[in-house]
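Subject: Structure for you to look at

Dear colleague,

I am passing on a structure for you to open beside this email. Please have it in view while you read the notes that come after it.

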Amino acid sequence: MEMIDIGVNLAHRRFAEDRDAVIARALAAGVRTMIVTGTSTRASREARALAAAKRGTLWSTAGIHPHEARHAPPAEIEELRELARHPVVRAIGECGLDFDRMFSSQAEQERAFAQQLALATELGLPVFLHERAAHARFVAILREHRSRLPGAVVHCFTGTAAELDVYLSLDLHIGITGWICDERRGVPLRALIPRIPRDRLMIETDAPFLIPRNLADRPASGRNEPALLPHVLASVARAAGRPAEMVADETTRTARAFFSIGQAGDH
Ligand SMILES: [Zn+2]
């Protein structure tokens with residue numbers, strides 16, 4: 001069984017001490033390919049360097065997270081453009097809107113989001129999207145760019161059935177994290193999994209965040225890692241009513257097509 005983790009923050013400082021061991025455990029668990037998320041120009045630069053050092057296993061995205069949008073002057077977008085020229089960079093993002101915690105103002109977030117959608121269009125890259133408590137504005141801005149974007153995935157989807165239907169009507173892909181493993185918060189999400197077409201569904205850990213809460217023995221650190229992706233897969237498969245092997249195949253095929261990645265080991 002082979003899996004692709006489409007969202008892992010391997011450049012995060014919580015992996016600084018033991019990143020190689022984390023990658024080795026992921027590979028041993030069947031997670032053959034990981035897309036390292038870029039959340040700022042600095043993190044995107046680190047993500048790209050990690051991916052360039054592990055060609056065929058790691059790939060990366062280049063983007064500015066809505067929390068970081070206040071640090072997104074034109075020079076930062078220019079740096080993303082440069083970063084994204086490297087062949088290991090397979091998407092722009094993560095980008096989007098997050099009105100839940102408002103670390104950047106709405107105006108700053110919307111500007112950075114629109115700029116990154118325009119950049120992805122210009123470069124012909126798909127986008128890795130983040131939306132929290134901002135559905136209506138997110139859709140309004142995305143709609144203006146959607147027809148020119150080669151692909152778009154709403155990562156860590158945790159929304160309602162109505163929101164999911166809007167995303168699917170915009171031909172978006174849907175990323176599911178260990179949120180689905182949560183005994184309480186995961187219930188509504190599990191009910192929505194059968195609505196997601198097989199060729200639109202992908203899985204991710206969002207490590208070091210969102211450790212699956214149904215783990216028998218959770219590490220004391222509470223740190224999530226890509227080796228735990230099989231737990232996400234198992235919950236998704238159960239909710240979908242399909243065997244885990246089948247969902248692993250489907251999501252792997254979908255992720256390969258979305259990020260234009262060949263077979264494992266390809267450069
Ligand atoms: Zn996110």
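The notes below concern aromatic rings and the charges that sit over them.

This is a predicted model, in which local features need pLDDT of at least 70 and side-chain atom pairs count only at pLDDT 80 or more, while totals for chains, interfaces and linings use all residues. Residues are numbered from 1 along each chain as its sequence is written, and side-chain values use heavy atoms, with hydrogens and water left out.

Rings of Phe, Tyr and Trp (its six-membered ring) pair if their centres lie within 6.5 Å, and planes under 30 degrees apart count as stacked, over 60 as edge-to-face and the rest as tilted. By this rule there are four aromatic pairs. One of them joins Phe 138 and Tyr 167, which meet edge-to-face at 5.8 Å centre to centre with 80° between the planes. Because Phe 138 belongs to helix α5 (residues 135-145) and Tyr 167 to helix α6 (residues 161-169), this pair ties together parts 29 residues apart in sequence; helices here are DSSP runs of H or I with at least four residues.

Phe 138 is buried, at a relative accessible area of 0%, and Tyr 167 is also buried, at 0%, where buried means under 20% relative accessible area (1.4 Å probe, protein chains only). The rings of Phe 157 and Tyr 167 have centres 6.0 Å apart and planes at 85°, so this pair is edge-to-face.

Ring pairs link Phe 113, Phe 138, Phe 157 and Tyr 167 into a cluster.

Turning to charges, the charged end of Arg 185 sits over the ring of Trp 179, 3.8 Å from its centre, a term that requires NZ of Lys or CZ of Arg within 6 Å of the ring centre and within 35 degrees of the ring normal. Arg 132 also lies over the face of Trp 179, at 5.6 Å from the ring centre.

With best wishes

Notes. Helices (H or I, at least four residues) and strands (E, at least two) are DSSP runs, numbered from the N terminus. Buried means under 20% relative accessible area, exposed over 50%, partly exposed in between (1.4 Å probe, protein chains only).
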